[in-house]
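Visitor: I am new to this structure and would like a close look at a single part of it. Could you pick a spot and walk me through its surroundings?

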Amino acid sequence: MSRIYLSESQNRRISAHLESAYPHEGAGFLLGHFVDGYIAATDVVIDDVIPSENSSAEDERHHRFVMTPQAWMRLEDEADRRGLRLVGCFHSHPDAPAIPSAFDREHALPNFLYMIVSVNAGRAGELRSWEISRDNQVEHICAVVSDDEWRKIMKWQTVN
Ligand SMILES: [Zn+2]
């Protein structure tokens, strides 16, 4: 299990974006880098959060999020340019728990972090971080730290 470090500011930006998408599902991407963790885990520091437009059909927006290949390539380019990695994504579950849905498991990418936020009656609630596949899901610890603490963590040794 890894630890995912997210700053309070980033957490607020994620919440604000997902609340504004309500009652639809909102989403976005996570740029970050890896730092030393325990033997069996590499920790992830989130450098930036990038809210995304929902490009799925209007009548499906309440339960799924679709990303265009063009938008995906732009994100990877941006990550490369900034010396970061596209480490994962975040999305909301309007009025549903922050656990992977059958749709999430079916469409999961390997080695990719899925941050899920439960948005209940328009207010962002529980945030949980997962690595998922068709037949398994592993939860990681999401550590929301103060902006000061996050700046200290940014100085930790990066691993690849
Ligand atoms: Zn989902």
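Guide: Happy to. Let us begin in strand 7, where Val 144 is the bridge partner of Leu 6. Please keep in mind that this is a predicted model. The pair belongs to a longer contact, since strand 1 and strand 7 run in the parallel sense and are joined over five bridges. Strand 7 itself covers residues 136–145, while strand 1 covers residues 3–7.

Now look at the other partner of strand 7. Strand 6 pairs with strand 7 in the antiparallel sense, again over five bridges. One place to find this pairing is Trp 130, whose bridge partner in strand 7 is Glu 139. Strand 6 and strand 7 form a hairpin, with two residues between them.

In the loop between these two strands you will find Asp 135. Is Asp 135 buried or exposed? Asp 135 is exposed, because there are just 6 other C-beta atoms within 10 Å, and a residue counts as exposed at 12 or fewer. Although Arg 105 is 30 residues away along the chain, the C-alpha atoms of Asp 135 and Arg 105 are separated by 7.3 Å.

Back to strand 1, and across to strand 3. Strand 1 and strand 3 also pair in the parallel sense, over two bridges. Here Ile 4 has Val 44 as its bridge partner in strand 3. Val 44 is also the bridge partner of Phe 34, and strand 2 and strand 3 pair in the antiparallel sense over nine bridges. Strand 3 is mostly covered, with seven of its 10 residues buried.

That brings us to the interior. The largest nonpolar core has 29 residues, and those touching the most other members are Leu 30, Ile 46, Met 115 and Val 117. At least two residues of this core come from each of several elements, including strand 1, strand 3, strand 6 and helix 1 (8–21). Strand 5 gives the largest share, six residues. In general, nonpolar side chains in soluble globular proteins tend to be buried together.

To finish, rest your eye on Val 117. Leaving aside residues up to four places away in sequence, Val 117 touches Ile 14, Ser 15, Leu 18, Phe 90, Ser 92, Ala 98, Ala 124 and Leu 127.

Technical notes
Residues are numbered from 1 along each chain as its sequence is written. This is a predicted model: local features need pLDDT of at least 70, side-chain atom pairs count only at pLDDT 80 or more; totals for chains, interfaces and linings use all residues. A nonpolar core is a set of buried Ala, Val, Leu, Ile, Met, Phe, Trp, Tyr and Cys residues joined through C-beta atoms within 7 Å. A residue is buried if 20 or more other C-beta atoms lie within 10 Å of its own, exposed if 12 or fewer, and partly exposed in between; C-beta atoms are placed from the backbone. Helices (H or I, at least four residues) and strands (E, at least two) are DSSP runs, numbered from the N terminus. Two residues are in contact if their C-beta atoms, placed from the backbone, lie within 7 Å. Two strands pair if DSSP finds at least two bridges between them.
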